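Here's a quick tour of one fold, starting with a sheet and ending with what is packed inside. Keep the viewer open while you read.

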Amino acid sequence: MRSMKKLVALALSPTLLLLVSCGRHSQSETYYLVAANLSLPYWKTAVSGFNAAAARYKVTAKVAGPDNYDAQAELQELNHAVAAKPAGILISVADEGLLKPGIDAAVAAGIPVITMDSDAPSSRRLFFIGTNNLAAGQLGGQRVAEKLGGRGNVVFFSMPGQPNLDDRLKGFKDAFASHPEIKIMDVVNIKGDARNAFDNTQQYLTQTGMTKVAAFVCLEASSGKVVADAIRRSKATDRVLVAWDVEQDTLAEIKDGTIEATIAQKPYTMGFVGLKELDEIFHNKPASLAKDYSVDAFSEYPVFLDTGTALVDKANVDVYAKSAAEHQQ
């Protein structure tokens, strides 16, 4: 009986209750999301997922990076994050060559690093969370080839050197390989400014004959709306336009018919799962963060967590519009 009373007393102990309620987490446990172009709706969605995971785990989330596309500024923010000695870093890589040393320095300092959205496979990051960009490009390329009937000139809008965009372009090229009469006329570097896409679209829409552009493809989110605007102003309704991501303006242009389709990603999921995985790694650190776990058949870590991809067109656009509206409420 005395033993039972002792157990009850222990169970009601304020100290024990405090330990149980606190669990393993603390507000002093801080995780960083580092990216470029943070002003884009895409990144606001990713940050929302990151913050939601932080709220669930009762840890601190911090977001760092430039509002525009500036890989050098992103590197500076990464270095600041490493200096703060956080529990983990989730990063989207704008330029692998430039950011790799910073990622490796973080890992050398004992900070777990996971890449999201855009990878740096040559770095010491543990693994990548995001879209299978090669497959996504193939999906978009198949739609373009279908709409063009297997022939025509195509212009892309991208930022060459950003790993995820380069993979998307390769996917399109793979899809076009069986259609030799589809020619890639240009890959325009918009340099992080959608106005460059608008200006180049207007210029290409004046070309006729053998140089007429039959399709435009936006490999990132910001240019879809402005390219659609340029096509509308020129009344070039016979041109095919494939965009990227599911911003509200893009979905509206699909309903209008100016954009044929867009490729949907899941940035909210990337942010949420990214913090969740970092939290698990922080509390169960491996013997070595610097080990290449991709060649370990018994590793606890994947090489790649695919968050999913889908093609959105008039047939399913309402589903995505509804989901976006519900998330904003």
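What follows covers the sheet, then the nonpolar cores.

One thing up front: this is a predicted model.

**The sheet**

Look for an open sheet of six strands that pair in parallel, in the order β2-β1-β3-β4-β5-β11. Which strands stand at the edges? They are β2 and β11, and because each has a single partner strand, one side of each is left without a neighbour in the sheet. On average, neighbouring strands here are turned by 20° against each other, direction ignored.

Now zoom in on β1, which pairs with β2 in the parallel sense over five bridges. Thr30, for instance, has Thr60 in β2 as its bridge partner.

**The cores**

The largest nonpolar core has 48 residues, and Val34, Trp43, Leu78, Ile89 and Leu275 touch the most other members. Several helices and strands each supply at least two residues of this core, including those in the table.

| Element | Residues |
|---|---|
| α3 | 41–57 |
| α4 | 71–83 |
| β3 | 88–91 |
| α5 | 96–108 |
| β4 | 113–116 |
| α11 | 267–283 |

β1 is on that list of suppliers too. Which helix gives the most to this core? That's α3, with seven residues.

Val34 is a handy place to click. Leaving aside neighbours within four places in sequence, Val34 is in contact with Ala64, Glu74, Leu78, Ala81, Ile89, Leu90, Ile91 and Ser92.

There's also a second, separate core of 45 residues, with Val155, Ile182, Val217 and Ala261 among them.

Key
Residues are numbered from 1 along each chain as its sequence is written. This is a predicted model: local features need pLDDT of at least 70, side-chain atom pairs count only at pLDDT 80 or more; totals for chains, interfaces and linings use all residues. Side-chain values use heavy atoms; hydrogens and water are left out. Two strands pair if DSSP finds at least two bridges between them. Helices (H or I, at least four residues) and strands (E, at least two) are DSSP runs, numbered from the N terminus. Axes are lines fitted to C-alpha atoms, for helices over the stretch in contact, and angles run from 0 to 180 degrees between N-to-C directions. A nonpolar core is a set of buried Ala, Val, Leu, Ile, Met, Phe, Trp, Tyr and Cys residues joined through side-chain atoms within 4.5 Å. Buried means under 20% relative accessible area, exposed over 50%, partly exposed in between (1.4 Å probe, protein chains only). Contact means heavy atoms within 4.5 Å.
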